[in-house]
Amino acid sequence: MRRAARRLAALAGAGLMLMALPGNARAAGTTRTAAPTYSNVTAIGTHNAYDKSKYTYFAQALDSGASLLELDVYVDTITKRWRVSHSNPWGDDNNCENAKTPGDLYSKARDQDLGSCLDNIAAWHQLHPDHRPIVFKVEMKVGFYGKGGLGPDQFDALVASKLGNIVYKPSDLLGSTYPTLDAAAKANAWPSRDALKGKVMFELIPGTVEMKNPFDHYWTDQEYGEHLRDLYAAGNISRAEAFPAVLGAASGDPRTSRYDASIRPWFVFFDGDAATYVNNGYDTSWYDTGHYILIMTGADGVSPAISSTNPTDAEVASRLSLLASRHASLITSDWSAKSPSVLSSVTARG
């Protein structure tokens, strides 16, 4: 099947997508392929969606149509709180409100902690129960702090208490069939995007501060990967709420050189700079073949570069098409100024 024939129409917020079929079968009207799984499509996300300069309220980021929204989180080791901020580890600086009900959204005090951001998501979900699937990319700026009660167990408990069964979790991908996330991904056990309506996912990446700390050699990705491995071994994998991601564009399987063999199969999210993948000519078909979720960041920076804040609709559509052909699952940039009809665009991957 030719790539052009497989391209999905960009749909504004719709989860119902049909693969284009070869001309004769389509004309006959008698044959349709199965709905593509979540790993077979490419969508758009927004970098640092908690930033007040992008959206006045986090609920507006949820309204944006974007399929990925990013949150930066610091563990405050003094107050034992999960701070949401770009650069202040001791305070909150964000558009999340003190709002727990739909009626409170778009009006309450901002600069709240992660728990309130989750409250906003829950309240917004009540207004839009059939919303598109949304990945919340959480950068753990300084990593976890398990000894202080801010570790993976506590993160999972917080998410579960706020969002309950709207979270699509690692155990959902495993089902009762697969022993690791890698095995489930390779079998393309992902549901369709339509089946994930009303669901959210959490992706965890190590933070910029954590990675620059010469005394920190136990980063978020490794810690949460071991967390998944150990929960599964103990029969408690349903407690896990997030997918750890391998951070950084690389050629080949980056898990091999970074992790112990016991946790490599617990990574099915990959996250790296779009320009590095594309401009360096990395073969990214490997991610598509394995049905892994590949997030390409800084989509605007791929040559030829386009605006990082407000490109034209045509430029966004072209960039989405280009990076879909390079096997991205989600592409991100600072395109918060674009309309929901643009940010909700979805196309075929590969």
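This report describes the nonpolar core, one pair of helices and two individual residues of the structure above. The structure is a predicted model.

**The core and helix α4**

The largest nonpolar core holds 94 residues, and those touching the most other members are Phe58, Trp82, Leu114, Leu163, Trp190, Phe202 and Phe269. Helix α4, which spans residues 114-127, supplies the largest share of this core, with seven residues.

Phenylalanine 202 is one of the core residues that touch the most other members. Setting aside residues up to four places away in sequence, its contacts are Leu118, Phe136, Val138, Phe155, Val159, Leu163, Val167, Glu241, Ala242 and Phe243.

**The pair α4 and α5**

Helix α5 covers residues 152-163, and its axis comes within 9 Å of the axis of α4, the two crossing at roughly 30°. Angles under 35 degrees count as roughly parallel, and α4 and α5 are therefore roughly parallel to each other. The crossing in which α4 passes α5 is right-handed. On the side of α4, the contact is made by Leu114, Gly115, Leu118, Asp119, Ile121 and Ala122, while α5 contributes Phe155, Leu158, Val159, Lys162 and Leu163. Sorted by class, the contact of α4 with α5 consists of eight nonpolar residues, one polar residue and two charged residues. Among the residues of this contact, Leu118 of α4 and Phe155, Val159 and Leu163 of α5 also touch phenylalanine 202.

**Aspartate 216 and valine 209**

Aspartate 216 is situated in the loop that joins α8 (208-212) to α9 (220-233). Buried means under 20% relative accessible area; aspartate 216 has 15% and is therefore buried. Valine 209 belongs to helix α8. With a relative accessibility of 37%, valine 209 counts as partly exposed, because this value falls between the limits of 20% for buried and 50% for exposed.

The contacts of these two residues, not counting residues up to four places away in sequence, include Val142 in both cases. Aspartate 216 also touches Glu210, and valine 209 also touches Tyr74 and Lys141.

The table gives one C-alpha separation for each of the two residues.

| Pair of residues | Separation along the chain | C-alpha to C-alpha distance |
|---|---|---|
| Aspartate 216 and leucine 69 | 147 residues | 27 Å |
| Valine 209 and serine 87 | 122 residues | 9.4 Å |

Notes:
Residues are numbered from 1 along each chain as its sequence is written. This is a predicted model: local features need pLDDT of at least 70, side-chain atom pairs count only at pLDDT 80 or more; totals for chains, interfaces and linings use all residues. Side-chain values use heavy atoms; hydrogens and water are left out. A nonpolar core is a set of buried Ala, Val, Leu, Ile, Met, Phe, Trp, Tyr and Cys residues joined through side-chain atoms within 4.5 Å. Buried means under 20% relative accessible area, exposed over 50%, partly exposed in between (1.4 Å probe, protein chains only). Helices (H or I, at least four residues) and strands (E, at least two) are DSSP runs, numbered from the N terminus. Contact means heavy atoms within 4.5 Å. Axes are lines fitted to C-alpha atoms, for helices over the stretch in contact, and angles run from 0 to 180 degrees between N-to-C directions. Angles under 35 degrees count as roughly parallel, over 145 as roughly antiparallel, 65 to 115 as roughly perpendicular and the rest as oblique. A crossing is left-handed if the near helix is turned anticlockwise from the far one by less than a right angle, and right-handed if clockwise. Ala, Val, Leu, Ile, Met, Phe, Trp, Tyr, Cys and Pro count as nonpolar, Asp, Glu, Lys and Arg as charged, and the others, Gly among them, as polar.
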